[in-house]
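This report describes the empty spaces in one protein model and some residues around them. The sequence and the structure come first.

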Amino acid sequence: MNKKTIIGIIIAVIIVIAAIVGYMMLGNNEETSTNRQGTVNNSNTQTENTTTVENQNKTENTNTSSNGNNILIAYFSETGNTEKFANIIQGQIGGDLFKIEPVNPYPQGEELFDYTKEEQDNNVLPEIKETVDISKYDTVFIGYPIWWYEVPQIIKTFLNQYDLSGKTIIPFNTHEGSGDGGTYEYIEEQEPNATILEGLPIRGGNMESDQTSIISNWLNELGF
Ligand SMILES: Cc1cc2nc3c(=O)[nH]c(=O)nc-3n(C[C@H](O)[C@H](O)[C@H](O)COP(=O)(O)O)c2cc1C
């Protein structure tokens with residue numbers, strides 16, 4: 001072998017080694033990038049998972065702290081004020097809404113006054129349109145407007161129809177000057193085996209402006 005041939009072989013060997021090293025480095029890089037991607041993906045997945053779990057926990061916690069699953073917000077509302085009140089309660093603590101409606105709708109306008117006065121004077125208990133499975137709930141909010149200084153007759157139907165023994169009742173109402181009109185005491189008398197928490201009366205006219213903070217303070221005081 002002459003000198004040229006030996007140099008040629010050495011160059012060929014160097015080229016082959018360089019090619020192998022180059023190939024290996026490329027392979028490693030690809031692997032690394034795959035790994036990184038994997039890691040990034042994994043960490044993304046983990047982050048997503050963590051967030052989901054946190055969110056789930058938050059939802060669970062909210063439900064647990066407010067007992068949202070066990071809360072019924074039953075209300076009667078003829079002109080919408082008490083309904084707004086009920087919706088705000090639900091927005092704050094969750095729970096199921098149950099609208100108490102008469103099978104036969106009340107007359108509108110001036111006629112409503114004579115009709116309801118007579119209904120009260122004759123102690124008529126109007127039938128409620130829908131029913132609710134009360135056994136699902138531990139806490140029952142009961143909302144209504146003051147009618148003729150009392151609870152509307154349909155609220156009396158509700159109290160007669162459902163066994164609220166052992167449950168926690170929270171009354172709330174709207175009015176135009178009577179406050180709660182002694183109706184919270186009336187509910188207490190009607191439901192001696194329930195725990196009645198402090199209710200909140202709000203003037204009907206005030207429901208035109210946002211009453212969320214007043215309602216939310218009251219709910220906080222009650223421990224929701
Ligand atoms: C037939 C009738 C009787 C009412 N009687 C009283 C009353 O004795 N004291 C009072 O403060 N407000 C009384 N109001 C006013 C309502 O309590 C008030 O407008 C309430 O916000 C209406 O609620 P709603 O929109 O949920 O039906 C009476 C309203 C009606 C229609």
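Of the 224 residues in the protein, 34% are buried. The model is a predicted one. Its secondary structure consists of six helices and six strands. Along the sequence these elements follow the pattern α-β-α-β-α-β-α-β-α-β-β-α.

**Pocket and cavity**

The volume of the largest pocket is about 510 Å³. A total of 23 residues line this pocket, and those closest to its centre are Thr-79, Phe-113, Pro-145, Ile-146 and Trp-147. Three elements, α2 (81-93), α3 (111-121) and β4 (168-175), each supply at least two residues of the lining. The helix α3 gives the most to the lining of the largest pocket, with three residues. By residue class, the pocket lining holds eight nonpolar, 13 polar and two charged residues.

Rolling a probe the size of a water molecule over the atoms shows where empty space is left. In this model the count comes to one cavity of 30 Å³ or more. The largest cavity holds about 30 Å³ of space. Its lining is made up of Thr-116, Glu-119, Gln-120, Trp-147, Val-151, Pro-152 and Gln-153. Here too α3 gives the most, with three residues of the lining of the largest cavity. The cavity lining divides into three nonpolar residues, three polar residues and one charged residue.

Trp-147 appears in both descriptions: it is one of the residues closest to the centre of the largest pocket, and it is also among those that line the largest cavity.

**A nonpolar surface patch**

Which residues form a nonpolar patch on the surface? Phe-113, Trp-148 and Tyr-149 do, and together they have about 360 Å² of accessible area. Phe-113 is also among the residues closest to the centre of the largest pocket. Trp-148 is found in the loop between β3 (139-145) and α4 (153-161).

Why does Trp-148 count as partly exposed? Its relative accessibility is 31%, and the partly exposed class lies between under 20% for buried and over 50% for exposed.

**Residues in loops**

Two residues stand out for their backbone angle. Asn-123 is not a glycine, yet it has a positive phi of about 45°. Trp-148, the patch residue in the loop between β3 and α4, has a phi near 50°, a positive value in a residue other than glycine.

Gly-94 is taken up here for its place in the fold. The loop between α2 and β2 (96-99) contains Gly-94. Leu-72 is 22 residues apart from Gly-94 along the chain, and the C-alpha atoms of the two are separated by 9.0 Å.

The table lists these three loop residues with their relative accessibility.

| Residue | Loop | Relative accessibility | Class |
|---|---|---|---|
| Asn-123 | between α3 and β3 | 48% | partly exposed |
| Trp-148 | between β3 and α4 | 31% | partly exposed |
| Gly-94 | between α2 and β2 | 25% | partly exposed |

Asn-123, at 48%, counts as partly exposed because exposed means over 50% relative accessible area. Gly-94, at 25%, does not count as buried, because buried means under 20%.

Notes. Residues numbered from 1 in each chain as written. Predicted model: local features only at pLDDT ≥ 70, side-chain atom pairs only at ≥ 80, totals over all residues. Heavy atoms only, no water. 1 Å grid on protein atoms, 1.4 Å probe; cavity = no way out; pocket = protein on both sides within 12 Å on 5 of 7 lines; lining within 4 Å. Points joined across faces, edges and corners; volume = space filled by probe spheres on them. Helix = DSSP H or I, 4+ residues; strand = E, 2+ residues; numbered from the N terminus. Nonpolar A, V, L, I, M, F, W, Y, C, P; charged D, E, K, R; others polar. Patch = residues over 30% accessible without salt bridge, like charges linked within 9 Å, V, L, I, M, F, W, Y side chains within 5 Å. Areas by Shrake-Rupley, 256 points an atom, 1.4 Å probe, with all protein chains shown as cover. Salt bridge = Lys/Arg side-chain N within 4 Å of Asp/Glu carboxyl O. Buried < 20%, exposed > 50% of the residue type's maximum accessible area, 1.4 Å probe, protein only.
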